[in-house]
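Visitor: I have a model open on my screen and would like to learn how to read it. Could you walk me through it, feature by feature?

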Amino acid sequence: MTETVTANPVHEFIAKTVEEHPVVLFMKGVPEQPQCGFSAQVVQILDHLGADFVGVNVLQNDQLRDGIKTYSDWPTIPQLYVKGEFVGGCDIVREMFQNGELKPFLEEQGVLAA
Amino acid sequence: MPIAQADLEAILRDGFPDAEIKVDDLAGDGDHYRARIVSSAFKGLPRVRQHQLVYAALKGRMGGELHALALETSAPA
């Protein structure tokens, strides 16, 4: 993941964002108004668990929309980052939530009050 | 730009010759699929890496002509 962080200013912005905020969701739309069903699902799950997160709307900027895909080598949006690490997209987050892994994971990372 | 279910299955089968693959067309529009793939290629890999292997097999179609592909990947038990 981090090896792709070079002189690309968009990658630098992404790296800085996921460093500064413990939980970041790159999504279509904003948390209050997602503009895609997959982004909405992840927002719902994070809200349900009471996780504090920063939503970054990739639709505001084409370079960001493309840059997030090359940053993580992941072709789709949404993308969830916890403590700077890429956790997954909608399927993985939903699977982790449904099998009960997500809450303990967030607690272990110290981003959710236990 | 939708992709036919048979084509999607063929591409996945090319990428994972040993796998058990099941593709469902969720919306009937050739644009929203779910693929369940059980392959030894996934053994010991975290989910992100497993899905990245599938995206690699799709050779750039994901996010382009393929809008939605829900993935469930696992290694054989």
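Guide: Gladly! Let us begin with the order of elements: read from the N terminus on, chain B runs α-β-β-α-β. That comes to two helices and three strands. Keep in mind that this is a predicted model.

Visitor: How compact is chain B for its length, by the globule rule?

Guide: The idea is to set the radius of gyration beside the value that the rule gives. For chain B the radius is 12 Å, close to the 11 Å expected for 77 residues, so chain B is as compact as a globular protein of that length. Its C-alpha atoms fill a box of roughly 35 × 20 × 20 Å along the principal axes. Of the 77 residues, 25% count as buried.

Visitor: Now the sheet. In which order do the strands of chain B lie?

Guide: First the general idea: strands of a sheet pair through backbone hydrogen bonds, either parallel or antiparallel. In chain B, three strands form an open sheet in the order S1-S2-S3, and the pairing is mixed. Strand S1 (20–25) and strand S3 (68–74) of chain B stand at the edges with a single partner strand each, so one side of each has no neighbour in the sheet. On average, neighbouring strands here are turned by 15° against each other, direction ignored.

Visitor: In which sense do S2(B) and S3(B) pair, parallel or antiparallel?

Guide: Strand S2 (residues 32–38) of chain B pairs with S3(B) in the parallel sense, over seven bridges. To find one of these bridges on your screen, look for Val38(B), whose partner in S3(B) is Ser74(B).

Visitor: Where do the helices of chain B pack?

Guide: Look at which strands each helix touches. Helix H1 (residues 5–15) of chain B packs on the sheet against S1 and S2 of chain B, and its direction makes about 155° with that of S1(B). Helix H2 (residues 47–57) of chain B also packs on the sheet, touching S2 and S3 of chain B, with a direction at about 125° to that of S3(B).

Visitor: On to chain A. How many helices and strands does it have?

Guide: Chain A has five helices and six strands, in the order α-β-β-β-α-β-α-β-β-α-α from the N terminus on. Its radius of gyration is 13 Å, close to the 13 Å that the globule rule gives for 114 residues, so chain A is as compact as a globular protein of that length. Buried residues make up 38% of the 114.

Visitor: How should I read contacts between residues that are far apart in sequence?

Guide: Ask what share of the contacts joins distant parts of the chain. Among contacts in chain A between residues at least 6 apart in sequence, 61% join residues at least 24 apart. In chain B, residues 24 or more positions apart account for 49% of the contacts with a separation of 6 or more.

Visitor: Which strands form the open sheet of four in chain A?

Guide: The order is S4-S1-S5-S6 in chain A, with mixed pairing. S4 and S6 of chain A are the edge strands, each pairing on one side only. Strand S1 (residues 23–27) of chain A has four antiparallel bridges to strand S5 (residues 79–82) of chain A, where Phe26(A) has Gln79(A) as its bridge partner. Four bridges also join S1(A) to strand S4 (residues 54–57) of chain A, this time in parallel, and there Leu25(A) is partnered by Gly55(A). S5(A) and S6(A) are antiparallel, with three bridges.

Visitor: Is S1(A) enclosed or open to the outside?

Guide: Count its buried residues. In S1(A), five of the five are buried, so the strand is largely enclosed by the rest of the structure. Val23(A), Leu25(A) and Met27(A) point one way, while Val24(A) and Phe26(A) point the other.

Visitor: And how do H1(A) and H3(A) pack?

Guide: Take the angle and the distance between the axes. Helix H1 (residues 9–20) and helix H3 (residues 62–72) of chain A pack at about 75°, with axes 9 Å apart. They are therefore roughly perpendicular to each other. Among the residues in this contact are Ile14(A) of H1(A) and Leu64(A) of H3(A).

Visitor: Finally, how many residues does each chain give to the contact?

Guide: Nine come from chain A and nine from chain B. On the chain A side, strand S6 (85–88) and helix H4 (90–98) are the elements that give two or more residues. By class, that side has four nonpolar, two polar and three charged residues.

How values were computed
Residues are numbered from 1 along each chain as its sequence is written. Chains are lettered from A and ligands numbered from 1 in the order in which they are written. This is a predicted model: local features need pLDDT of at least 70, side-chain atom pairs count only at pLDDT 80 or more; totals for chains, interfaces and linings use all residues. A residue is buried if 20 or more other C-beta atoms lie within 10 Å of its own, exposed if 12 or fewer, and partly exposed in between; C-beta atoms are placed from the backbone. Two strands pair if DSSP finds at least two bridges between them. Two residues are in contact if their C-beta atoms, placed from the backbone, lie within 7 Å. Ala, Val, Leu, Ile, Met, Phe, Trp, Tyr, Cys and Pro count as nonpolar, Asp, Glu, Lys and Arg as charged, and the others, Gly among them, as polar. The radius of gyration is taken over C-alpha atoms; the globule rule is 2.2 Å times the number of residues to the power 0.38. Axes are lines fitted to C-alpha atoms, for helices over the stretch in contact, and angles run from 0 to 180 degrees between N-to-C directions. Angles under 35 degrees count as roughly parallel, over 145 as roughly antiparallel, 65 to 115 as roughly perpendicular and the rest as oblique.
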